[in-house]
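The questions below ask how certain labels are justified, and each answer sets a computed value against the cut-off that decides it.

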Amino acid sequence: MRRYAVLTDSACDIPQEMAQKHNIDILSFTILLDGKEYSERVDLDCEAFYTLLDAAQGMPTTAQITPMTFAEKYAEYDAAGVEELLYVSINGGGSATCANARFAAEQYAAEHPGSALRVTIVDSHTYSMAYGRFVLRAAEKLAAGAEMSDVVTYLNDNFKKVQVVLSVHSLKIIKRSGRISAAAAFAGELMGLRPVITILQGETKVVQKVRGDAKVLPALAGHLKTHAGEAAPYMVGATKNAADRHGDARQLAKLCEETVGYPPECIFHLGAAVTSNTGTDAIALIYLAE
């Protein structure tokens, strides 16, 4: 029986219980805030990080997962007899983590020529459950006996179509992080304008501007109706303060169901790594674009 493993990183926002159910390993990003380091999912959960960030004096930063961390993980899998490892990464255009995983895989193979471990790395070109959902599906397919090459094709095909549409009350953290480049060019916060931002294949765009927080949820639901494929599954993600500013994720889920005629697959929390780059008032939809 083929021995395989599925690995991803904590920006995937897969709920921990789902990761455990599907035997998915998750490497944690390190969050630096007010002179302290926190390992996502190890030192704090979503709610704890929201509280820390709201009370922080400075701005959060995320540290890439290093080649050494990947090399150590590869060695663990090799020692356990794993022959095929699938790693699905955060957007390689926004983080050096994917490149670090590739470098470590090449070095490990060169230093261990007798190893049976084969490492396959897929760049999701996106963030949060936009790739977390497909990591879950990939794990299901491998558990059912699918070939690794077929799973990689499945992932790459879907990563070309999966889109994030999001909005925030304040662009302070997004602009500082530089992860969502379109936000840096947005003007109008002082006039009460809120951006509707899309992420597709690593490219970000401000596709709409709405006046006031009350118009954010209808704009997101309308975007879903216009741009999602027919009966395309979708998910709703939010942070704690999104409820205060825009209405919570349940409200958005209800509005989307009324708009497109069917409910979301799930509602989830945006994790610490993602929130470090959006702030604690983000709300988002994830779906397959036409």
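**Salt bridges and burial**

By the distance rule used here, a side-chain nitrogen of Lys or Arg within 4 Å of a carboxyl oxygen of Asp or Glu, the count comes to four salt bridges. The model is a predicted one.

Q: Why is the pair of Glu265 and Arg133 called a salt bridge?
A: The closest N and O atoms of Glu265 and Arg133 are 2.8 Å apart, and the rule asks for a distance within 4 Å, so the pair qualifies. This pair links distant parts of the chain, with Glu265 in the loop between α11 and β12 and Arg133 in helix α5, 132 residues apart.

Q: What makes Arg133 buried or exposed, and what makes Glu265 so?
A: Arg133 has 12% relative accessibility and therefore counts as buried, the cut-off for that word being under 20%. Glu265, at 43%, counts as partly exposed, because that class runs between the 20% limit and the 50% limit.

Q: How do you know that Glu76 and Lys73 form a salt bridge, and where do they lie?
A: Their closest N and O atoms are 3.5 Å apart, and this falls within the 4 Å limit, so the label applies. Both residues lie in helix α3, three residues apart, which is about one turn of the helix. Lys73 counts as buried at 17% relative accessibility, whereas Glu76 counts as partly exposed at 47%.

Q: What makes Asp213 and Arg194 a salt bridge?
A: The closest N and O atoms of Asp213 and Arg194 are 2.7 Å apart, and because the limit is 4 Å the pair meets the rule. Asp213 sits in the loop between β10 and α9, and Arg194 in strand β9, 19 residues apart. Asp213 is buried at 16% relative accessibility, and Arg194 is buried at 9%.

Q: Why is α5 called largely enclosed by the rest of the structure?
A: Of the 15 residues of α5, 11 are buried, so the description follows; among them are Met129, Tyr131, Phe134 and Leu142.

Q: How do you know that the span of α5 is close to what is expected?
A: From its first C-alpha to its last, α5 reaches 20 Å, which is close to the 21 Å expected at 1.5 Å a residue.

Q: Why is Pro67 called partly exposed, and which residues does Pro67 contact?
A: Pro67 has a relative accessible area of 25% and is therefore partly exposed, since buried would require a value under 20% and exposed a value over 50%. Leaving aside neighbours within four places in sequence, Pro67 is in contact with Asn100, Phe103 and Ala104.

Key:
Residues are numbered from 1 along each chain as its sequence is written. This is a predicted model: local features need pLDDT of at least 70, side-chain atom pairs count only at pLDDT 80 or more; totals for chains, interfaces and linings use all residues. Side-chain values use heavy atoms; hydrogens and water are left out. Helices (H or I, at least four residues) and strands (E, at least two) are DSSP runs, numbered from the N terminus. The expected span of a helix is 1.5 Å times one less than its number of residues. Buried means under 20% relative accessible area, exposed over 50%, partly exposed in between (1.4 Å probe, protein chains only). Contact means heavy atoms within 4.5 Å.
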